[in-house]
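Work through the exercises below with the structure in view. Each task is followed by its solution.

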Amino acid sequence: MPLSEQEQRLLDEMERHLMSNDTDVVSAPSRALSYRNIVLGSILVLAGLGALVVGVSIGFNTGFLGIAVGVLGFLLMVGGVVFAVTPTRGSAPLSKSAPRARAPRAAGSSFMDRMNDRWDRRREGP
């Protein structure tokens with residue numbers, strides 16, 4: 001169902017207001033995440049999860065050893081998540097200063113890619 005003219009104007013006004021008031025958020029440089037860090041962090045999270053499960057399962061029989069292994073597993077999981085989401089120091093900030101012209105996506109592109117393309121075409125106007 002398309003938006004009415006009043007709803008469209010209200011949406012455009014809200015958009016302009018957001019862009020003018022939150023320019024620091026919109027233009028803030030962000031650093032790219034490293035795929036290597038994401039993979040290694042995921043492996044750490046899985047290892048920590050395994051250690052946590054082992055710690056819980058042996059905790060009923062041995063007491064302190066099980067608690068120590070469980071806590072170590074939890075710390076591994078937290079460390080893995082932090083490692084995965086921390087950008088590398090050498091990565092360049094992502095630049096959003098000049099919009100690039102996009103090539104049309106293939107027919108097998110994802111839903112979000114198609115929605116982003118539609119949004120970009122809508123913003124450019126006829």
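**Exercise 1: A surface patch**

Ile67, Val71, Phe74, Leu75, Val78 and Val82 make up a nonpolar surface patch whose combined accessible area is about 550 Å². The model is a predicted one. Take Leu75 from this patch. State which element holds Leu75, and decide whether Leu75 is buried or exposed.

Solution. Step one: Leu75 lies in helix 4, which spans residues 64-85. Step two: a residue counts as exposed when its relative accessible area is over 50%. Step three: Leu75 has 53% relative accessibility and is therefore exposed.

**Exercise 2: The two sides of helix 4**

Compare the span of helix 4 with the expected one, then find which of its residues are buried and which are exposed on the other side.

Solution. Step one: the 22 residues of helix 4 reach 32 Å from the first C-alpha to the last, close to the expected 32 Å at 1.5 Å a residue. Step two: the buried residues in helix 4 are Gly66, Gly70, Gly73, Met77, Gly80 and Ala84. They lie on the same side of helix 4 because their arc around the axis is only 85 degrees. Step three: helix 3 (35-62) is included in what covers these buried residues. Step four: Phe64, Ile67, Leu72 and Leu75 are exposed on the other side of helix 4.

**Exercise 3: The whole chain**

Give the order of the elements in the protein chain and the share of residues that count as buried.

Solution. Step one: the protein chain has five helices and two strands. Step two: their order from the N terminus is α-α-β-α-α-β-α. Step three: 13% of the 126 residues count as buried.

How values were computed: Residues are numbered from 1 along each chain as its sequence is written. This is a predicted model: local features need pLDDT of at least 70, side-chain atom pairs count only at pLDDT 80 or more; totals for chains, interfaces and linings use all residues. Side-chain values use heavy atoms; hydrogens and water are left out. Patches are made of residues with over 30% relative accessible area and no salt bridge: like charges are joined within 9 Å, nonpolar side chains (Val, Leu, Ile, Met, Phe, Trp, Tyr) within 5 Å. Accessible areas come from the Shrake-Rupley method with a 1.4 Å probe; for residues, only the protein chains shown count as cover. A salt bridge is a side-chain nitrogen of Lys or Arg within 4 Å of a carboxyl oxygen of Asp or Glu. Helices (H or I, at least four residues) and strands (E, at least two) are DSSP runs, numbered from the N terminus. Buried means under 20% relative accessible area, exposed over 50%, partly exposed in between (1.4 Å probe, protein chains only). The expected span of a helix is 1.5 Å times one less than its number of residues. The arc is that of the directions from the helix axis to the C-beta atoms. Contact means heavy atoms within 4.5 Å.
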